[in-house]
Amino acid sequence: MAVYTDITEDDLSRFLTAYDAGTLLSYKGIAEGVENSNFLLHTTKGAFILTLYEKRVDPNDLPFFLGLMHHLAERGLSCPLPLPRSDGALLGELSGRPAAMISFLEGMWLRKPAAKHCREVGRALAEMHLAGEGFELTRANALSVGGWRPLWEKSADRADEVEAGLQDEIAGELAFLEANWPKDLPSGVIHADLFQDNVFFIGDTLSGLIDFYFACNDLLSYDVSICLNAWCFEKDGAFNLTKGMALLEGYESVRPLSPEEAVALPLLARGSALRFFLTRLYDWLTTPPGALVVKKDPLEYLRKLRFHRQIRNPAEYGLSR
Ligand SMILES: Nc1ncnc2c1ncn2[C@@H]1O[C@H](COP(=O)(O)OP(=O)(O)OP(=O)(O)O)[C@@H](O)[C@H]1O
Ligand SMILES: N[C@@H](CCO)C(=O)O
């Protein structure tokens with residue numbers, strides 16, 4: 001249950017007076033999610049999502065996130081729309097946290113996606129990359145290669161509590177990636193967290209993308225590698241070549257990867273595996289007992305990182321050339 005900050009009915013009803021969202025009928029905390037506190041609201045005007053932004057979201061970044069969702073929705077991408085307050089602002093404050101009201105997206109995320117769903121995700125990711133062109137705000141990726149060492153240093157001393165030898169292995173991996181990280185690849189607005197729980201389907205039809213709170217400007221193919229990691233591995237840790245092929249075909253049906261992006265995929269996938277390993281490791285070691293949040297297993301991403309280390313050719317992901 002990711003509700004770090006609770007809210008009272010009186011405070012919420014007062015908060016809603018600044019919106020054209022009707023009057024409150026009911027509200028409840030949403031179990032899913034790790035980063036922020038989310039509530040499902042029912043009002044006399046329908047269903048809405050209220051998000052209270054927590055520790056990993058810098059309030060100064062919120063205009064970028066909320067403005068991006070508006071920009072993408074205007075270009076036909078199915079994603080949540082932030083509701084404006086009576087003064088036009090997209091951001092308010094509730095229970096001491098920055099807070100926004102966003103439109104409710106129909107659909108549900110898939111617990112067991114098939115290759116056909118991966119194809120739709122690849123297509124939607126490329127469509128998002130193209131729709132992001134022309135967005136006037138920019139945001140550096142705080143969790144790209146430049147952000148991994150400071151994050152690692154917060155957990156390094158305790159890493160061997162999770163698995164013996166981890167401290168040396170990750171220190172070596174980090175040094176390798178810092179020395180070899182690709183630079184001159186196509187970049188633009190990326191989602192940077194397009195995991196299964198952030199893509200909604202109605203039946204087999206993709207109905208929308210949510211959770212743009214890691215969106216930023218970075219390498220487009222890095223975003224592809226995040227999806228390879230998030231969608232194309234089975235629960236036993238095996239890479240599913242059929243899903244990889246489908247995801248990459250879906251992406252390339254909208255935006256073909258350049259030869260340089262294709263060659264860089266194994267390195268990018270190692271990097272994105274390390275990124276999620278590091279945030280999960282930090283949360284694993286620092287989330288207080290009894291916190292209303294599901295901690296995610298860092299070792300899942302350590303295994304993915306080790307898998308990519310032995311990949312020599314993007315064809316091993318199912319990339320056709
Ligand atoms: N616009 C929306 N429409 C419908 N449901 C939503 C919407 N936004 C969020 N949700 C629900 O709230 C849950 C958590 O949302 P979100 O993923 O944005 O939170 P988070 O804390 O940022 O999670 P994460 O750990 O995935 O980053 C989603 O899994 C979904 O069930
Ligand atoms: N999607 C991330 C959590 C939010 O960043 C993970 O699964 O580690």
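Let's start with the smaller details of composition: by class, the shell around ligand 2 holds three nonpolar residues, no polar ones and four charged ones. Keep in mind as you look around that this is a predicted model. The residues that make up this shell are Glu35, Asp193, Phe195, Phe214, Phe276, Arg280 and Lys296, so you can pick each of them out in the viewer and see how the classes fall, since Phe counts as nonpolar while Asp, Glu, Lys and Arg count as charged.

Several of those charged residues make polar contacts with the ligand. On one side of the chemistry, a polar side-chain atom of Asp193 lies 2.7 Å from a nitrogen atom of ligand 2. Oxygen atoms of the ligand are served by two other residues: an N or O atom in the side chain of Arg280 is 2.8 Å from an oxygen of ligand 2, and an N or O atom in the side chain of Lys296 is 3.1 Å from an oxygen of ligand 2. Taken alone, ligand 2 exposes 260 Å², and the protein buries 94% of that. The space that ligand 2 takes is the largest pocket.

Now move over to ligand 1. Here 19 residues surround the ligand, and the closest are Glu32, Val34, Asn36, Leu105 and Asp211. Sorted by class, this shell divides into nine nonpolar, five polar and five charged residues.

Which backbone atoms lie by the nitrogen atoms of ligand 1? A backbone N or O atom of Ser103 lies 2.9 Å from a nitrogen of ligand 1, and a backbone N or O atom of Leu105 lies 2.8 Å from a nitrogen of ligand 1. A side chain takes part as well: a polar side-chain atom of Asn198 lies 3.1 Å from an oxygen atom of ligand 1. On its own, ligand 1 exposes 610 Å², of which the protein buries 94%. The space taken by ligand 1 is, again, the largest pocket.

Finally, step back to the chain. An unreviewed UniProt entry carries the annotation "domain: Aminoglycoside phosphotransferase" for residues 27–257. In the model, the end C-alpha atoms of residues 27–257 lie 44 Å apart, and this span is 35% helix and 19% strand.

Methods: Residues are numbered from 1 along each chain as its sequence is written. Chains are lettered from A and ligands numbered from 1 in the order in which they are written. This is a predicted model: local features need pLDDT of at least 70, side-chain atom pairs count only at pLDDT 80 or more; totals for chains, interfaces and linings use all residues. Side-chain values use heavy atoms; hydrogens and water are left out. A residue is near a molecule or strand if one of its heavy atoms lies within 4 Å of it. A polar contact is a pair of N or O atoms within 3.5 Å; within protein, one must be able to donate a hydrogen and the other to accept it, and residues adjacent in sequence count only if both atoms are side-chain atoms. Accessible areas come from the Shrake-Rupley method with a 1.4 Å probe; for residues, only the protein chains shown count as cover. On a 1 Å grid over the protein atoms alone, a cavity is a set of points where a 1.4 Å probe fits but cannot get out, and a pocket is an open set with protein on both sides within 12 Å along at least five of seven lines; lining residues have an atom within 4 Å of a point. A molecule sits in a cavity or pocket if more than half of its atoms lie within 2 Å of its grid points. UniProt positions are given in the numbering used here, feature names are shortened, and annotations may be inferred rather than shown by experiment. Helices (H or I, at least four residues) and strands (E, at least two) are DSSP runs, numbered from the N terminus.
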